[in-house]
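These are my notebook entries from a session of looking things up in one structure. I kept them in the order in which I went through the topics.

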Amino acid sequence: MAAGGSYSIVEYFGGDGGHRCGYCKHENGNFSHGMWSHTMTVQDYQDLIDRGWRRSGKYVYKPTMNKTCCPQYTIRCHALNFHPSKTHKKTLKKVNRFLSRGEMPVERHDEGHEDSLGEIMDSAHEEGVQPPRQDPLKIDRSEVQDISTSPDTDTTNSAAPAMPREDAAPAPEEKTPNVTPKPGKGADPSRPLGRKAKDIRKERRLQKEQQKQQEAESSSVNPVPSKSSSNQPKSLEEFITESLPNDPLHRLEFKRFLCDSPLEAEMAPDGPEVGYGSFHQQYWLDGRIVAVGVLDILPSCVSSVYLYYHPDFSSLSLGTYSALREIAFTRQLQQQSPKLAYYYLGFYVHSCPKMRYKGQYQPSDLLCPETYTWVSIERCIPRLEISAYSRLSENAHEGDACALKELGRVLVLHRRTVMPYAAYARKRKGSNDEKEVEQYASLLGQTCAERILLYRA
């Protein structure tokens, strides 16, 4: 249960059948378990992704690692210790050259494969998953909260504002009558020098953009470069702002809005100023939206959900650029909330060469699929070269610290009543769902299974 008294509520779908793999294209080699999240607290989702789960919209899924054709390992980057590689620096300089001088690079087919793939591959899961059927027993959050012992609080996400038009119509040109000056008379020294209508419109447009930027409710994520001594390497923030003049040819702005997701928006005294939840981070170029990144801000991390962008700017490697901006953003949030120190990139798929680029954001860790502990990626690579699936923890005696031990303590929601599974089983004499509930609880672990409500019709 969240601090505000609300529960996470899910419906478990199981996951015994194979489906088409988005990585190797195997027709039925993709195996995963999934559940539909009606609502989810940020702490519960943090704990779930630390056990190998990941969301695609409101569908939350966990690959069956020892069975699926392309095992997907949760990967996280240590944002505070991150330093850009040569490839990352190249991308930052490329974007900065475009912003400052308007140089659009020529796209090459052997570069930026991570940008062309985006996160489409990461959202590969059970095909044909549909939201639960709407019926009179539809979950009512307010009624569920009424039966809890904690006070009610309204933590519903506010709807994302409507997206502004991408291209505003150009202002009509100002027409001035052609007046022939009298012979022998020059410019009137008491009046200002004449200016072209084009220059006037440009100045007005810049003034309007500056005014919008100042009045925007969303916060800017432009990092401030830190001063480093000459014998220390440049920071990520310094590379991002390097070579940008005060009046660049193109102006890139960032705006952030809450967006619809199963995660409940939450404010915490020790949390970041923007709060926790799901956000759209919009990239605006000269007043035109060119990319949108979807982020989950959680108690310990910023989790990248996906990015989509305008194809006209694909040669700028916006997938890489956005990841670097998001790492810088994570570092910014950490100054407000010390425990928020990681950047999650989704899944690392070593068996798919095109998805190995995520390992370049170092230092980074992979999640062991058996112990759910983090292991440095450098120590994991030799094992993954031998086998696509591997136990990553080197401690042979280490196990799952949150392994299921008491099935009866798993919380369920039945007829708008919260109860432990043991009470539900007594009430539903002859119930035959014990194996399903046990599978569900084993995947969540004891701690999460005692907090998250499993909906029972």
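How many residues does α2 have, and what span does α2 reach from its first C-alpha to its last? I was working from a predicted model, and I found that α2 has 16 residues and reaches 22 Å between those two atoms, which is close to the 22 Å expected at 1.5 Å a residue.

**Entry: α2 and its packing against α7**

I next looked at where α2 sits against another helix. Two packed helices are described by the angle between their axes and the distance between the axes. For α2, at residues 86-101, and α7, at residues 318-334, I noted an angle of about 100° and axes that lie 10 Å apart. Because angles of 65 to 115 degrees count as roughly perpendicular, I wrote α2 down as roughly perpendicular to α7. On the α2 side the contact is made by H88, T91, L92 and V95, and on the α7 side by T320, Y321 and L324. Sorting the residues of this contact by character, I got 4 nonpolar, 3 polar and no charged.

I then listed the buried residues of α2, which are H88, T91, L92, K94, V95, N96, F98, L99 and S100. H88, T91, L92 and V95 therefore appear both in that list and among the residues that make the contact with α7. Just past the helix, I noted that α2 is followed by G102, whose phi is positive and near 80°.

**Entry: α1**

Is α1, at residues 42-49, largely enclosed or left open by the rest of the structure? I found that 6 of its 8 residues are buried, so I recorded α1 as largely enclosed. The buried ones are V42, D44, Y45, Q46, L48 and I49.

**Entry: backbone exceptions**

I went through the backbone with one expectation in mind: most residues other than glycine have a negative phi, and most peptide bonds are trans. The peptide bond from Q362 to P363 is cis, with omega near 5°, and P363 is placed in the loop between β10 (342-348) and β11 (364-367).

Two residues with positive phi also went into the notebook. K25, which is not a glycine, has phi near 70°, and K25 lies in the loop between β1 (9-14) and β2 (32-39). S317, likewise not a glycine, has a positive phi of about 55°, and S317 lies in the loop between β9 (301-309) and α7.

Are K25 and S317 buried or exposed? K25 has a relative accessible area of 42%, so I entered K25 as partly exposed, whereas S317, at 8% relative accessibility, counts as buried.

**Entry: three buried residues and their surroundings**

I began with S304, which is found in strand β9 and counts as buried at 9% relative accessibility. Which residues does S304 touch once its neighbours within four places in sequence are left aside? I listed R54, V294, L295, E326, Y343 and Y344.

M419 is placed in strand β14, at residues 417-420, and M419 is buried with a relative accessible area of 7%. With the neighbours within four places set aside, M419 is in contact with V410, L411, V412, H414, Y424 and K427. I also noted that the C-alpha atoms of M419 and L453, 34 residues apart along the chain, are separated by 8.9 Å.

S8 lies in the segment before β1 and counts as buried at 0% relative accessibility. Its C-alpha atom is separated by 7.5 Å from that of H38, although S8 and H38 are 30 residues apart along the chain. Leaving aside its neighbours within four places in sequence, S8 is in contact with T39, M40, T41, D44, I452 and L453. Of these, D44 had already come up as one of the buried residues of α1.

**Entry: the chain as a whole**

I closed with the totals. The protein chain has 11 helices and 15 strands, and 47% of its 457 residues count as buried. Among contacts between residues at least 6 apart in sequence, I recorded that 69% join residues at least 24 apart. The chain exposes about 24100 Å², and carbon and sulfur atoms supply 50% of that area.

Definitions and conventions
Residues are numbered from 1 along each chain as its sequence is written. This is a predicted model: local features need pLDDT of at least 70, side-chain atom pairs count only at pLDDT 80 or more; totals for chains, interfaces and linings use all residues. Side-chain values use heavy atoms; hydrogens and water are left out. Axes are lines fitted to C-alpha atoms, for helices over the stretch in contact, and angles run from 0 to 180 degrees between N-to-C directions. Helices (H or I, at least four residues) and strands (E, at least two) are DSSP runs, numbered from the N terminus. Angles under 35 degrees count as roughly parallel, over 145 as roughly antiparallel, 65 to 115 as roughly perpendicular and the rest as oblique. Contact means heavy atoms within 4.5 Å. Ala, Val, Leu, Ile, Met, Phe, Trp, Tyr, Cys and Pro count as nonpolar, Asp, Glu, Lys and Arg as charged, and the others, Gly among them, as polar. The expected span of a helix is 1.5 Å times one less than its number of residues. Buried means under 20% relative accessible area, exposed over 50%, partly exposed in between (1.4 Å probe, protein chains only). Accessible areas come from the Shrake-Rupley method with a 1.4 Å probe; for residues, only the protein chains shown count as cover.
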